[in-house]
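Hi,

Here is the structure I said I would pass on to you. Have a look at it first, and then read my notes underneath.

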Amino acid sequence: MMGEPQDDCLFCKIVAGQIPATLVRETDTTVAFRDINPQAPTHILVIPKVHYPDAASLATAEPTVAADVLRDAGEVAAEEKLDSYRIVFNTGSGAGQTVFHAHAHLLGGRGLQWPPG
């Protein structure tokens, strides 16, 4: 069921403390941790504690939690002293999504060119 932890979800297991991660922030609704395959000097994932497969389904079902993900990404960026950064939501395997639990990539610490890919 949407919103409920999924037994086969890597990020649900991180939320539950079953898989270790380098946490940088945790709130009642989100967890932020360092990406294990960073694409920039600062690469942090901000995820909701509830399970939805992508950002659009999260925003539809729980818009307040979707807003929490964005707010917390901004707060983590401030804590990391990033004056410029990018927040990316990948949706679908064709866009590079590999874990189907909504999450934001916070990228910074170097110049980020446009277009991104």
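Below is what turned up when I went through it, starting with a helix and ending with the pockets. Keep in mind that this is a predicted model.

**Helix H3**

A good place to begin is H3, which covers residues 63-79. With 17 residues at 1.5 Å each, the helix should span 24 Å, and its end C-alpha atoms are indeed 24 Å apart, so the two agree. Several of its residues are buried, among them Val65, Ala66, Val69 and Val76. Two aspartates, Asp68 and Asp72, are on the buried list too. The cover over these buried residues includes strands E1, E2, E3, E4 and E5, along with helix H2. After H3 comes lysine 81, with a positive phi near 60°.

**Salt bridges**

Side chains of opposite charge can pair when their charged atoms come close. Searching the whole structure gives eight salt bridges. Three to look up:

- Glutamate 79 pairs with arginine 25, with 2.7 Å between the closest N and O atoms. This joins helix H3 to strand E1, across 54 residues of the chain. Glutamate 79 is partly exposed, at 45% relative accessible area.
- Lysine 49 pairs with glutamate 26, and here the closest N and O atoms are 2.9 Å apart. Lysine 49 sits in the loop between E3 and H2, and glutamate 26 in strand E1, 23 residues apart. Both partners are partly exposed, lysine 49 at 26% and glutamate 26 at 47%.
- Glutamate 80 pairs with arginine 34 at 2.8 Å between the closest N and O atoms. The link runs from the loop between H3 and E4 to strand E2, 46 residues apart.

There is also a salt-bridge network, made up of Arg25, Asp68, Arg71, Asp72, Glu75 and Glu79. The buried Asp68 and Asp72 of H3 are thus members of that network.

**Pockets**

The largest pocket has a volume of about 380 Å³. It is lined by 22 residues, with Phe11, Asp35, Ile36, Leu45 and Val99 closest to the centre. Helix H1 gives the most to this lining, three residues. By class, the lining has ten nonpolar, ten polar and two charged residues.

The second largest pocket holds about 320 Å³ of space. Its lining has 14 residues, and Gln39, Arg86, Val88, Leu107 and Pro116 are nearest the centre. Strands E4 and E5 each give two or more residues to this lining. The classes here are six nonpolar, six polar and two charged.

Cheers

Technical notes:
Residues are numbered from 1 along each chain as its sequence is written. This is a predicted model: local features need pLDDT of at least 70, side-chain atom pairs count only at pLDDT 80 or more; totals for chains, interfaces and linings use all residues. Side-chain values use heavy atoms; hydrogens and water are left out. On a 1 Å grid over the protein atoms alone, a cavity is a set of points where a 1.4 Å probe fits but cannot get out, and a pocket is an open set with protein on both sides within 12 Å along at least five of seven lines; lining residues have an atom within 4 Å of a point. Grid points are joined across faces, edges and corners, and a volume is the space filled by probe spheres set on the points. Helices (H or I, at least four residues) and strands (E, at least two) are DSSP runs, numbered from the N terminus. Ala, Val, Leu, Ile, Met, Phe, Trp, Tyr, Cys and Pro count as nonpolar, Asp, Glu, Lys and Arg as charged, and the others, Gly among them, as polar. The expected span of a helix is 1.5 Å times one less than its number of residues. Buried means under 20% relative accessible area, exposed over 50%, partly exposed in between (1.4 Å probe, protein chains only). Contact means heavy atoms within 4.5 Å. A salt bridge is a side-chain nitrogen of Lys or Arg within 4 Å of a carboxyl oxygen of Asp or Glu.
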